[in-house]
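User: Could you take me through the spot where the ligand sits? I'd like a close look at just that part, in plain words.

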Amino acid sequence: MSVSNFSKVSEFASELDVAGIRQQFPILHQTVKDKPLIYFDSAASSQKPRSVIDAISNYYLHDHSNVHRGIHTLSERATDGFEQARESVRSFINANSTNEVIFVRGATEAINLVAFSYGESFVNEGDSVVVTEMEHHANIVPWQMMCERRKAKLLVVPIHDDGQLNLDVYKQHLQRSPKMVAMTHVSNALGTVNPVKEMTILAHDAGAVVLLDGAQAVPHCGVDMQELDCDFYAFSAHKMYGPTGVGVLYGKEDLLDRMAPWQSGGEMIRKVTFEHTEYNTLPWKFEAGTPDISGSIGLDYAIRFMQEIGKSRIAEHEAALLAYATHLANERKWMRVIGTAPEKAGVLSFVLDDIHANDVGLMLDADGIAIRTGHHCAMPVMQHFSLPATARISFGVYNTFNEIDSVYTSIDKIHKIFS
Ligand code: C6P
């Protein structure tokens, strides 16, 4: 959604029953430092609706046992809940089959799984892997380590100063026929929404496999694996109203089938002798050990929460919040927005003249306002802008326009004190 559509989207967003949505989030109804809590840190981790909290607690109150192991009733219930969650994810992201939905600890683990397993199986000396300058460390370091192990080369697509990718350099890198392109769908530090569908087509034409880091996309916009046609897609439940400790790796079945397991133990095997082990079929081949059963069930309920509101209505509401917050930032000459791409989602990063971002964060906390400050685990982005840190406001479906007014009242106060 482009920022210039501000008045149009804000009219639409007013139709969303944000007050009703907020009622579903018990944590939001508290004071911090004697002020009503304003939570603008959903990109780090979103808050959880009552339905998710209840689903996890009901599971432990009534249904808990281990999955795929017992023939008793509780084990069957736990297995049903866990596999139902997988089907929920499949339908939410429009994957072809539940075999393509691997439960992992989060986006970080999903990317590590691919970097290790795909890397060991398919990347050789002299090959290259493309990442971008705007990646979260979780989508840099696993590839760096894999390139070191496999003696491959890491190629980086730089960003322009508005936070868009330099697609000319991207195309040049593709001429080297890289084995893998790993890039973020939405930047956590800049908010840029990358043209990943078009970039995936180009990568495939060049013979590369594509991994998209969807950690900051799934909470804000609907994602469709058939439409994106990427080979792998990674995301975390805790940024999309679900619990911590669980996430998803989507992978195309034929690729996952050809990849070696990366962790081993129970659950990922079919038959073990001391001479030889036969691996389990997908998706369990990549799920060694007891999984996060309650977390997966919590994710199922987070998906139901998002579906009840509607993915497009969530996106429209957040686009309106972002447009409004950007409009107010642009009115302040002493405030600089970092990341001004035309297509953005979820976050507004900024710096104030002569004030360290951490001071901004501390002073906002004194007003009960939670934002994140620092490098946002995206140090190359900070290096690009020669900044030690930015302050970042990030949005969830429960945020309001009044909260944005309050944050700017506080920001104005901070500016006054420091100037
Ligand atoms: N970004 C932020 O405040 P995990 O920690 O595995 O759930 O997600 C890692 C991750 C991967 N990719 C992107 C684009 C991300 O934004 C994140 C997490 C948080 O921006 C915490 S550093």
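Analyst: First, a bit of vocabulary: a residue is near a molecule if one of its heavy atoms lies within 4 Å of it. By that rule, 17 residues surround the ligand, and the closest are Thr108, Asp213, Gln216, Ser236 and Arg372. Residues are numbered from 1 along each chain as its sequence is written, and side-chain values use heavy atoms, with hydrogens and water left out. Keep in mind that this is a predicted model, where local features need pLDDT of at least 70, side-chain atom pairs count only at pLDDT 80 or more, and totals for chains, interfaces and linings use all residues.

Now for the polar contacts (pairs of N or O atoms within 3.5 Å). The side chain of Thr108 has an N or O atom 2.5 Å from an oxygen atom of the ligand. For Gln216, the side-chain N or O atom is 2.7 Å from a ligand oxygen, and for Ser236 that distance is 2.7 Å. Taken alone, the ligand exposes 510 Å², and the protein buries 87% of that (areas come from the Shrake-Rupley method with a 1.4 Å probe).

Who makes up the shell? It has 6 nonpolar, 7 polar and 4 charged residues, with Asp, Glu, Lys and Arg counted as charged, Ala, Val, Leu, Ile, Met, Phe, Trp, Tyr, Cys and Pro as nonpolar, and the others, Gly among them, as polar.

The protein is divided into domain 1 (6–49 + 310–418) and domain 2 (53–307), with bounds from an automatic or database domain assignment. The shell around the ligand draws at least three residues from each of these domains.

Methods: Polar contact = N/O pair within 3.5 Å; in protein donor to acceptor, adjacent residues only side chain to side chain.
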